[in-house]
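Please load the model in your viewer and keep the selection panel within reach. We will go from stop to stop, with something to pick at each one.

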Amino acid sequence: MFARIARLRFLAPLLLAFPSLAAARDDSLFTSSVTYCSPPETLLIQQFDIAYFAKNQSIWFNISAASVDSNVNVTANVMLNVYGMHPVNFTIDLCSLFSGALCPLPMYNFTGSDSIPLPSSLGVSGKIPSIAFQIPDLEAYAQLSLTEVNTGVLKACVQATLSNGWSAHQVAVEWATGALALLALLSAVCYSFMPDALAPFRLFDLLYLYQWTASTALLDLNYSSVYRAFASNFAWAMGLFSASATSPIQMSINNMRHLTGGNMADATGDSAVALVNRKLSPYNAIASSTLLQTNQLASVGIENFWASSNMTSGNYVSDISIASVQKLSAAGDVQLVTPSSANILQAGVPIYVNSVGIATANSFMTVFLVVLMIAAVLLAVLSVGYCVLAAISRYGQRKEGYIADRYPSFARAWLLRICLIVFTPVTIFALYQWTLKDSWLSIFLSVILFLAVVGYILYSIVLVHRLALRSAPSELWTRPDFLASHGPLYAIYRSERFYATTPLILAIFVKALFIAFSQANGIVQVVAILVVECMVLASLLVLRPHKSRGADVLATYLAITRVLCTGLMIAFVESLNLGAIARVVIGIVIAVIISVAVIVMFINTLVNMGIMKLVPARYRRRPDVTPSNLDAEKGTDIDEKDWRPRNPTPERNIPLDPDVNQPYPDSPSQTLTDHHSLYSEESGSTTLGSLLPQRWSIQQSQPSSHSRSNSQSQYSSSQSNYSPSRSNYMSNASSPRQSVPPSPLRTQSPSHSRQPTIDEHPPFP
């Protein structure tokens, strides 16, 4: 039955891609979150911890609860769900435990902890494979149901998700990816003074890879828990830094929302997994028969439950008071989650943002504040840089016009880069904020930020296209100020492919539309995004826009990665009802593919920083290697500075005259004696060494005599056949071969005056 789970052991080597804790420990399963699965009629739970140890096959529990009903004898049913299957399901009579201390349930705060060895007859060790203790983000939960012995009425139901301590979400991964982004940023700053440098463009490629990875977890899909945890490592690239419910920033956003018409729930202090829809991972189950419909107790609420109950000090066997029970209720954060609850987190943005400690309604405002911080840092750095350059120019080390002319262009280029970097999170969460209808101030700020970012990018695109269409694409590179200001949009591309950034920006915007406005239909989202990614890949394969072959290969590789991963996400569509284990395997495969792409970008960042200079010269490419003719195939301009191989063959050529291709003579006298073709047969004169009129250098002379017309006809015939006359060779057959120096005045015909140039061809009669 559990053979499919055992197959996961073949994926154990892939788990090395995830940083993990190095401390040795026993294999165990323990609870990570607790919720009510039915209204608490009899039992109010503050703490419910349970753990299973495989070493001695025992269960340890730590329960803190309050019984509020008298004379209740209950039985406890324990059910374990692992990847949608139920390996454990047994019932325990509480009257047989602790010498009957729990029968009937005492009406006071109960805090108990004990370890119970499981009977070998249950065979629990054989039902739980060893991979369950090692695979990250285990999808399992335990359910405890208390049923009254006499009536069979469900008195309490508690669900607790289980974990083995391993997870694909690691703080070390966040710091590592952040350090790589910082390294790319420093490289981009150092090389940004050269508009066509690769480092600033690779900064955008790296951050877009991070942002795309995070955005793949925002769809309405039933992701496996391992992939959702992996994608949360890149939440910081979207401006969603991990926070707690008591974070000053999040509390300020909550206050702002509530004062401006917001009524959505704040972030929970506990794990967001407890509020996940039970049809999704890690629960993988629909509402079972033990989950009762919400009755009048649920409508009253847990906080008002004690006030609505007729409980006085006379109802208690012990000396507990109502105040102490209310204190217990306030201390615990166990929430009621039923199929009709309003606090359920649905797939997509709600689950993702709450998994990092941010409420759904706070997602855009968090991104908004992060963008403001980035803008403030940019303004401060540019101001300091301007002051430094002004001080340097004052002492004569720089020209005064350098600051006035070049630095504003440098500042506008970095403003454009920042807008391109924040374009993905701003468009996604600004558009998504419009669907929440929560706080009017949040909606207003989302419109302002959206228009500011999108407007500046569109303004730059319009300027680039207008200049290229009005004059020529090459004009974009001949204006230094324009190239320095708007180069981030086209400087990396060839002149005829200056527009290559526009399809990518349009694709990001279209994907944001589907993510924000199609939250209720996951199949539409994933199919539409897959089509968009395929179009981007096709544009790269057809246009090949970059100046170098390596840049084309890298861009195509990243596009293939996006297409492949998006295609694999079709398996997460909820309507397909794919098994939990299969979704876990697919999630791990996608995570490994993205991890490889991040490693490739890390290597590329090091190469752009000049790490290859540390490689010994004998291992580098020889500088005299002849490049291929790929540029000629792509139509690259000859004067364009790039590293793409060129075709050295001239674009225009005429057949070479064999009579010209002769060695120089040994003496000048041989030139005049060997070839009588230098003389005109009719006039007996020669044109060799004669001073030609100036008009002959710009146009052909018109025939004015029989000699001219005869020479013109002979030249025309020689143009169609570049072989020397037979008489010339016959006359030299008996004597040693003599040659004449090549001259532009020599022709095949004896009476023609000069040889035409490559671009000058006489009209044929």
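This tour visits the disulfides, a strand residue, a hairpin and a pocket. Keep in mind along the way that the model is predicted.

**Stop 1: the cysteine pairs**

Start by selecting the cysteines and showing their side chains. How many disulfides does the count come to? The count comes to two disulfides.

Zoom in on Cys37 and Cys157, whose sulfur atoms are 1.7 Å apart and form a disulfide. Look along the S-S bond of Cys37 and Cys157: the torsion there is about -95°, so this disulfide is left-handed. Now colour by secondary structure. Cys37 sits in the loop between β1 (28–36) and β2 (43–53), while Cys157 belongs to strand β8 (residues 154–163), so the pair ties together parts that are 120 residues apart in sequence. Switch on a surface for a moment, and ask whether Cys37 and Cys157 are buried or exposed. Both Cys37 and Cys157 are buried.

Next, select Cys95 and Cys103. They form a disulfide too, with sulfur atoms 1.8 Å apart. Which hand does the link of Cys95 and Cys103 have? With 50° about the S-S bond, the link of Cys95 and Cys103 is right-handed. Cys95 is partly exposed at a relative accessible area of 26%, and Cys103 is also partly exposed, at 23% relative accessibility. If you number the bonded cysteines of the chain in sequence order, the pairing reads 1-4, 2-3.

Two further cysteines can be picked while you are here. Cys190 is exposed, with 58% relative accessibility. Cys534 is partly exposed, with a relative accessible area of 36%.

**Stop 2: Ala160**

Go back to strand β8 and select Ala160, which is found in that strand. Its relative accessible area is 0%, so Ala160 is buried. Which residues does Ala160 touch, leaving out those up to four places away in sequence? Ala160 touches Thr31, Ser33, Val34, Phe48, Tyr141 and Ala142. For a distance to draw, connect the C-alpha atoms of Ala160 and Tyr36: they are 8.9 Å apart in space, although 124 residues separate the two in sequence.

**Stop 3: a hairpin**

Select strand β4 (residues 74–82) together with strand β5 (residues 85–93). The two run antiparallel and are joined by seven bridges. To see one pairing, pick Val78 and look across to Phe90, its bridge partner in β5. Then follow the chain to the turn, where two residues lie between the strands of the hairpin of β4 and β5. Click on Tyr83 in this hairpin, which takes a positive phi near 50°.

**Stop 4: the second largest pocket**

Finish with the second largest pocket, which has a volume of about 1,200 Å³. A good way in is to select Leu182, Leu185, Leu207, Trp236 and Ile374, the closest to its centre of the 40 residues that line it.

Now colour the helices α3 (171–191), α4 (199–215), α11 (363–394) and α13 (407–436), each of which supplies at least two residues of this lining. Which helix gives the most to the lining of the second largest pocket? That is α11, with 12 residues. As a last view, colour the lining by residue type: the residues divide into 33 nonpolar, six polar and one charged.

Note on methods
Residues numbered from 1 in each chain as written. Predicted model: local features only at pLDDT ≥ 70, side-chain atom pairs only at ≥ 80, totals over all residues. Heavy atoms only, no water. Disulfide = S-S within 2.5 Å. Helix = DSSP H or I, 4+ residues; strand = E, 2+ residues; numbered from the N terminus. Buried < 20%, exposed > 50% of the residue type's maximum accessible area, 1.4 Å probe, protein only. 1 Å grid on protein atoms, 1.4 Å probe; cavity = no way out; pocket = protein on both sides within 12 Å on 5 of 7 lines; lining within 4 Å. Points joined across faces, edges and corners; volume = space filled by probe spheres on them. Nonpolar A, V, L, I, M, F, W, Y, C, P; charged D, E, K, R; others polar. Contact = heavy atoms within 4.5 Å. Pairing = 2+ DSSP bridges.
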